Amino acid sequence: MTAALAEFPRLAGSEPCQAPDADPDWWSSDDTNDRAAAQLACMPCPLREGCLAWALDHPSAAGDVIWAGTTRHRREQLRREFRSTPSKESP
């Protein structure tokens, strides 16, 4: 049985990444300070879990951009951890 992939989160416009004072370039910048600002902005977001699920399920599309406060490297670590965790199957 194959698990369904997470759908792209439905943005309402009130998320930190959509805020008027948030620079959209923070999420894709090579600048350490910009990326740190994006990661901090993501922390209180109500869609963080959905964004993380989408980014984990769609690594190519998520690319090097900050998703749910995580970097590509962190998401790769999480995917490896999830693969090495034994699944709980019902008897």
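Me: Before we get to Ser 29, what counts as a helix or a strand here?
Reply: Helices (H or I, at least four residues) and strands (E, at least two) are DSSP runs, numbered from the N terminus. This is a predicted model, where local features need pLDDT of at least 70, side-chain atom pairs count only at pLDDT 80 or more, and totals for chains, interfaces and linings use all residues. Residues are numbered from 1 along each chain as its sequence is written, and side-chain values use heavy atoms, with hydrogens and water left out.

Me: OK, where is Ser 29?
Reply: Ser 29 lies in the segment before helix 1 (32-42).

Me: Buried or exposed?
Reply: Ser 29 is buried, at 13% relative accessibility. Buried means under 20% relative accessible area, exposed over 50%, partly exposed in between (1.4 Å probe, protein chains only).

Me: What does Ser 29 touch?
Reply: Leaving out residues up to four places away in sequence, Ser 29 touches Asp 34 and Arg 35. Contact means heavy atoms within 4.5 Å.

Me: New topic. How many disulfides?
Reply: The count is 0. A disulfide needs a pair of cysteine sulfur atoms within 2.5 Å.

Me: Why is Cys 17 not bonded?
Reply: Because its closest cysteine sulfur, in Cys 45, is 6.0 Å away, too far for a bond.

Me: And what is nearest to Cys 45?
Reply: The sulfur of Cys 51, 5.8 Å away; Cys 45 is in no disulfide. Cys 45 is buried, with a relative accessible area of 11%.

Me: Which residues of helix 2 are buried?
Reply: In helix 2 (residues 48-57), they are Cys 51, Trp 54, Ala 55 and Leu 56. These buried residues pack against helix 3 (59-62) and helix 4 (72-84).
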